[in-house]
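Biologist: Could you take me closely through the sheets of one chain, and tell me how the strands are ordered and what packs against them? I would like one connected account rather than a list.

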Amino acid sequence: MDRNLGILVAALLLVASTCESAIFNPVSESHRSAASELLSSADGSFGSLEETYEALKTFEVLGIEKKPDIRTSACVSAVKILSSTSSALKDLFHALRVNGVLKCELNDQAFPGIGSKLKDSLNGASSLLDFYYSIGGLILIKDQTSEVDVHISDADRIFRSIKALSQSDGRWRLNSNNPESSNDAAGIALEALSGVISLASSEIDSSLIATLKNDISKLFDGVEKYDDGTCYFDEKLVDAHGHKGPLSASASIVRGITALAAVSSENLNLPGEKVLGLAKFFLGIGIPGSAKDLYYQIDALSCLESIRGSVPLILSLPATVLSVTKKDQLKVKVSTVLGSAAPPLSVKLMQIFVSGSKDASVIDQKLKFDPENSVHVLETLPTNVDVGNYIFSFEIIFDEPEHKNKYATGGRTRVPIHVTGVIKIDSAEIAILENDLGSVETQKKLDLPGESAVALSANHLQKLRLSFRLTTPSGQVFKPHQAFLKLKHDSGVEHIFVVANSGKKFEIILDFLGLVDKFFYLSGTYDLQLTVGDSVMENSFLQPLGHIELDLPEAPEKAARPPPQPVDMYSRYGPKAEISHIFRVPEKRPPRELSLAFFGLVILPFFGFLAGLFHLRANLKNFPKSIHATFAILFHLGIAAVLSLYALFWFKLDLFTTLKTLGLLGIFLMFVGHKTLSHLASTSAKLKTT
Amino acid sequence: MAAPKSVAVFFAVLNLISLLPFIAFSFSPDQPTDRKILVLLDDLSLKSSHSIFFNTLQSRGFDLDFKLADDPSIAVKRYGQYLYDGLVLFSPSADRFGGSLNIEGVLDFVDSGHDLILAGDSNASDLIRNIAAECGVEFDEDTSAMVIDHAGYAVSETEGDHTLIASDEFIQSDVILGSKKLEAPVLFKGIGHSLNPENSLVLKVLSASSSAYSANPTSKLSNPPSLTGTSISLVSVVQARNNARIMISGSLGLFSNRLFRSGVQKIGSLNKYEKSGNEQFVTELSKWIFHERGHLKAVHLKHNKIGETEEPSIYRINDDLEFSVEIFEWSGTSWVPYVANDVQVQFYMMSPYVLKTLSTNQKGLYHTSFKVPDVYGVFQFKIEYQRLGYTTLSLSKQ
């Protein structure tokens, strides 16, 4: 959980993890708008009375106007529960809380009944929550009406029975059967005990209070702490809905100790630093996203606002990025957690650390108070503060010494400050050098930052030198975080070099002879680009310098290939070129008449054949007669059928169908053919015999 | 019996080889709403600090199941069935997941067509880096590196290390980022990643400006940083071949309420925006990730000879045929006709013989007609529609 919470804080604050100091701002306008956003439901009502109370309380603390429709609907349900005799203890408690905020028109007759009911349940109570609800209810009745006597006579006994649930480490158990103890329960118990003290008709045994004080100090011993001073109470029992966690546990304890501090006659000796740490924890959450978390945060902060003995004061800076060029003033604001004004005090700038080193310069300078904006202003930055990252250490000193006992300031507050400024760039030049002698071949002055378009050319035996000088506004040499020279080839291959500083100057010498391998032996135009930037440099720039024409030797066979360049993703998608099929051109054919003429010529011999037959007086006298003629005709028809089958095969049928049909036709042909032929044979035999 | 060769034709077997074989996994058109998403967090407080993002998902009908990353009861699969349709990993520091989930489990989850949102952050664990690497995204190896941009940072009174970047280099795609133009830059604070140039499935959605680099902001640079300029991707998406969609962001804060609500002014620009573009960016991107946009389906594939309505079993060469198909896009609630003018059909045997752009009636029906080529063989009608951000349509019919 520690680790998790670490991420929580890191993620929520988005604070650079490098500095052990952080800024916490008090509750601001953004909380109010977030609250109205989160806690506005469509119909103006909330799920349960508990949620209604939480919303109302959040609105009240943040000073947001309540909508009348919330009031009506909440009052109706609260009055309903309070008037009913069978309401559960928990519901009664929440209804009384809602009533306390809204001051609903409630029949005063209801209170005595509720009061006696709560007292009865208090006598029979065994679990912590029963005690809490009963006592809490009685206190609420006390606040809301004066007619009911809510004092409890056996306060010592109740005190002891609640105390019996406590553990040696300062935590509490929810009831005697459950061995699990939690910080959340501790907060509930402390609140209940404070109720007992305020309701007690006689003074509580002072030894009981003393042990309770002991418990509280033990409870605070178990607080989890961060480097930046943030404290919270961890919660091991995380329920399924995630409502219970460090936030709810810390809020519960803060509620408890605030209530206790308010009623206890003696000082609780709360550790101021830890109370401040808790305040930082609640503020560090930022704006929670759920109504429940927002309630926990706001409620706890409102408790801390009024906690007796150690009201945390938050030192915040509206701006931590200061420009020396614009002569920004360092402003410090001190307020309570909810943003209300602090008592008269003064803020002293004690030390300035250079970020990343242990060196500190002691300043001990009092900041001037500007009553109009209620900020403390450091009019001029100390002379030894140049651009850079610093940690300023502030201390709050009260004008009236007795305030020291009322407020918790947590000693020195360390705040990271970024001092920025415009960096002067001069003597920028780019040159091509001869390799062996180092003599300058071409040299050009550069205007940084500005326009420049140099055109250089070099071969692999030469060198490129780029140099410039950076000075801070106070005349010191400035070393930026980012000083890159980029060479980009036409093909998209990029090479980046860090420009190093040598003494006062920034200089880079590119010896192309040693770089040919790295450049993949790619000759051609390289674009030059210089980027100089730093977080404290206001005029960080990225500037194309021009281009250089490189003449590099041919790549040997084993040289590495340049890496593939990413393809433009937009070109990867898109319609493809259309393809249409090119049809074969039909062969050239002679004109129709010619074909017909040839067809006539081809068919002519057939007519000649017929004419010849006629001329030779061919006859069909031998054609069988009577019954045999049928067979002969069938035979010829069969032959015709086979021929037409062939034609069909050509056009349409496949081999299998054709063969099948052909088989059938064949059998038929065999039969009729045999008949015909045997007849013909017998006739010719007869002729021979006769 | 010399069998004369019959006029050869296409044997139209009419079997659908692959008509949208992938949709069925991740994305069920029958039950598109009420989809379950598992959200793994480093800390339950992320639930409240990132509540706007989660609430927008819930308001779109997603059922979110929040769990701590080391919760021992995590299981995405039971009896071979996936319990969730999407996974949101907001646990950059998790060294390992609780329960039965591990890196293979996450990859199997994606391989079976489910969607994933992954958020890294500075000091992201090896587990998260490995998952990203398997998706084709390499986070900067230097664990303390962050993306720094001295010329493109967001102006802030309290943050001076220029790691809060205001980027407006978005992908030019209406389908991924919505048709409404993002006016305000997106605030980003986290780590950069690079994409493998040979991987064609991963797309840079938000990239850094050319002056950006990835380095540790507190230590001095002696070597050139491994990631510089526009090759740094801040947010990338992957659309896998099975249409599973993955979003990888180098910043968890990108999704946070804090940056959603924060105003933004980019250095050097006079435009000051009340609200950063994060909310719109993340919401629109999550719509795409969870298939509420850019998911296409093709139905009613039809082809016939001109003048007929029946689908013939064969075509002869030089027949004139008509082809039509209907394409719809999922709008989050219903299928709406998809209108584009660049859908193409291929008449395909080993290579396309005819490739023709379909004309549309603006109501999702695409049609064309062409002459069957005079080549004998078995042809397919093939639509291969790959557009930036849209699911790939690949269907064929013989």
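**The sheets of chain A**

Modeller: In chain A, residues 24 or more positions apart account for 69% of the contacts with a separation of 6 or more. That figure, like everything that follows, comes from a predicted model. Chain A has 18 helices and 24 strands, and buried residues make up 46% of its 690 residues.

Let us begin with one of the sheets, an open one in which five strands of chain A follow the order β10-β11-β7-β5-β13, with mixed pairing. At its edges stand β10 (368-370) and β13 (407-408) of chain A, each with a single partner strand, so one side of each is left without a neighbour in the sheet. Strand β5 of chain A, residues 311-316, pairs with β13(A) in the parallel sense, and two bridges join them; looking along this pair, you will find that P312(A) has A408(A) in β13(A) as its bridge partner. Helix α12 of chain A, which covers residues 272-284, packs on this sheet and touches both β5 and β13 of chain A, its direction making about 55° with that of β5(A).

Another open sheet of chain A also consists of five strands, here in the order β6-β14-β12-β8-β9, and its pairing is again mixed. Its edge strands are β6 (321-323) and β9 (360-366) of chain A, each of which pairs on one side only, and from one strand to the next the twist averages 30°. Within this sheet, strand β8 (residues 345-354) and strand β12 (residues 388-398) of chain A run antiparallel and are joined by nine bridges, and V354(A) stands opposite Y390(A) in β12(A).

From the sheets we can turn to the nonpolar interior. The largest nonpolar core has 117 residues, and those with the most contacts inside it are I162(A), W172(A), F282(A), F392(A) and F394(A). Its largest share, 10 residues, comes from helix α9 of chain A, residues 183-199. Two of the residues just named can be placed on elements already described: F282(A) falls within the residue range of helix α12, while F392(A) lies within that of strand β12. A second, separate core of 46 residues includes I171(B), V237(B), F281(B) and L285(B).

As for the outside of chain A, its accessible surface comes to about 35,300 Å², and 57% of this belongs to carbon and sulfur atoms.

Definitions and conventions
Residues are numbered from 1 along each chain as its sequence is written. Chains are lettered from A and ligands numbered from 1 in the order in which they are written. This is a predicted model: local features need pLDDT of at least 70, side-chain atom pairs count only at pLDDT 80 or more; totals for chains, interfaces and linings use all residues. Side-chain values use heavy atoms; hydrogens and water are left out. Two strands pair if DSSP finds at least two bridges between them. Helices (H or I, at least four residues) and strands (E, at least two) are DSSP runs, numbered from the N terminus. Axes are lines fitted to C-alpha atoms, for helices over the stretch in contact, and angles run from 0 to 180 degrees between N-to-C directions. Buried means under 20% relative accessible area, exposed over 50%, partly exposed in between (1.4 Å probe, protein chains only). Contact means heavy atoms within 4.5 Å. Accessible areas come from the Shrake-Rupley method with a 1.4 Å probe; for residues, only the protein chains shown count as cover. A nonpolar core is a set of buried Ala, Val, Leu, Ile, Met, Phe, Trp, Tyr and Cys residues joined through side-chain atoms within 4.5 Å.
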